[in-house]
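Below is a short briefing on selected features of one protein chain. It is grouped by topic, and the structure comes before the text.

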Amino acid sequence: MTLTRRTFLGAAAAASCTAALPAFAAKPLTIGFSQVGAESEWRTANTASIKDATKRAGINLKFADAQQQQQNQVKAIRSFIAQRVDIIAFSPVVETGWETVLREAKNAKIPVILTDRSVKVSDPSLYVSFIGSDFVEEGRRAGKWLLDYAKKNGDKPLNIVELQGTTGAAPANDRKKGFAEAIAANPKLKVIRSQTGDFTRAKGKEVMEAFLKSEGKNINVLYAHNDDMAIGAIQAIEEAGLKPGKDIVIVSIDGVRGAFEAMKAGKLNVTIECNPLLGPILVQTAQEVAAGKPVAKRITVNEGVFPAEVAAKELPNRRY
């Protein structure tokens, strides 16, 4: 029976699966992986984790960078099908538009594993497992931190601007949803502007500049769907003569080193962790699928919340 959910507790088990492969799988496993791109520190760390874990496991990895374009991912997946890889894995640029190509993979009897981002399809059997984070919960955690902040600081009205991730992407949709759910508990917290920054530092700076021009000192809080956009926005805030982390409270998601450095410098208030080190989990899951073993439909990773107060202590421990 296929499990519906599993929380991954460690990476060490990944290597132990190799010995369990039956004789027919003695040849090196081949995985075709299509990555979103290289838009952030998080994505760079995610790619490095996947490449390192597959190399350590002796897996033949065929890697394709989609450069944040869905059509590039569709082409890559069709190329993997033509090459008859054993497993197809990818982190989808957006949630929708995958039915046709995933059905092609299913008809070719090539299992598909989703990493980091999920898809919306009418037939859940088009993929065997999703490995990643609970993006809605990440948004909720960001919102709950802000609720606590507001309570500790006189419960004054707070105007929020939001830097969304790529339009249509699962983390952008879900982080927005979770945050909105959480702050609804306090009617004094209000999102006054919300716009995509495409998860990039440059776009985050550009959109924050526009927010500052239109809203000025009316902005109390910035909620960024990832750290890279927040770091770009910090530059825009400083160039506008304001102090990030003080004049404008900054809440972001990912937990990359750059965010911890910004917190240590007093320029960012909190980051909600989103663990990019999915390589060992992908390897373990792919090996289990190749061995004909049941795998969980959803595999989530353990993550935390890191306010600025712990940044200096935690920074030396960050692996990404």
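Which residues are linked with Glu 39 in a network of salt bridges? They are Arg 43, Asp 116 and Arg 117. The model is predicted, and it holds 25 salt bridges. The points below take up this network, a salt bridge between Arg 318 and Glu 273, the faces of helix α3, the crossing of α4 and α5, and the position of Glu 309.

**The network around Glu 39**

- Glu 39 forms a salt bridge with Arg 43, and their closest N and O atoms are 3.1 Å apart.
- Glu 39 and Arg 43 are both buried.
- A salt bridge also joins the side chains of Glu 39 and Arg 117, at 4.0 Å from N to O.
- Because Arg 117 lies in the loop between β5 and β6 (129–132) and Glu 39 in the loop between β2 (30–35) and α1 (41–56), this pair ties together parts that are 78 residues apart in sequence.
- Arg 117 has a relative accessible area of 2% and is therefore buried, the cut-off being under 20%.
- Glu 39, at 10% relative accessibility, counts as buried as well.

**The pair Arg 318 and Glu 273**

- The side chains of Glu 273 and Arg 318 meet in a salt bridge with an N to O distance of 3.2 Å.
- This pair links distant parts of the chain, 45 residues apart: Glu 273 is in strand β11 (residues 270–273), and Arg 318 is in the segment after α10 (311–314).
- Arg 318 is buried, with a relative accessible area of 11%.
- Glu 273 counts as buried at 11% relative accessibility.

**Helix α3**

- Helix α3 spans residues 99–107, and its residues Val 101, Leu 102 and Ala 105 are buried.
- The buried residues of α3 line one face of the helix, because they fall within an arc of 100 degrees when seen down its axis.
- Thr 100 and Asn 107 are exposed on the other side of α3.
- The cover over the buried residues of α3 includes helix α2 (70–82) and strands β4 (87–90) and β5 (112–115).
- Lys 109, just after α3, takes a positive phi of about 60 degrees.

**The crossing of α4 and α5**

- Helix α4 covers residues 135–152 and helix α5 residues 170–183; their axes come within 6 Å and cross at roughly 35 degrees.
- The crossing of these two helices, α4 and α5, is right-handed.
- The residues of the contact between α4 and α5 divide into ten nonpolar, three polar and seven charged.
- On the α4 side, the contact residues include Phe 135, Val 136, Ala 142, Leu 146 and Leu 147.
- On the α5 side, they include Ala 170, Pro 171, Phe 179, Ala 182 and Ile 183.
- Charged residues also take part in the contact, among them Glu 138, Arg 140 and Lys 144 in α4, and Asp 174, Arg 175, Lys 177 and Glu 181 in α5.
- Gly 139 and Gly 143 in α4 and Gly 178 in α5 belong to the contact too.

**Glu 309**

- Glu 309 is located in the loop between β13 (305–307) and α10.
- At 67% relative accessibility, Glu 309 counts as exposed, the cut-off being over 50%.
- The C-alpha atoms of Glu 309 and Val 270 are separated by 8.7 Å, and the two residues are 39 residues apart along the chain.

Key. Residues are numbered from 1 along each chain as its sequence is written. This is a predicted model: local features need pLDDT of at least 70, side-chain atom pairs count only at pLDDT 80 or more; totals for chains, interfaces and linings use all residues. Side-chain values use heavy atoms; hydrogens and water are left out. Buried means under 20% relative accessible area, exposed over 50%, partly exposed in between (1.4 Å probe, protein chains only). Helices (H or I, at least four residues) and strands (E, at least two) are DSSP runs, numbered from the N terminus. The arc is that of the directions from the helix axis to the C-beta atoms. Contact means heavy atoms within 4.5 Å. Axes are lines fitted to C-alpha atoms, for helices over the stretch in contact, and angles run from 0 to 180 degrees between N-to-C directions. A crossing is left-handed if the near helix is turned anticlockwise from the far one by less than a right angle, and right-handed if clockwise.
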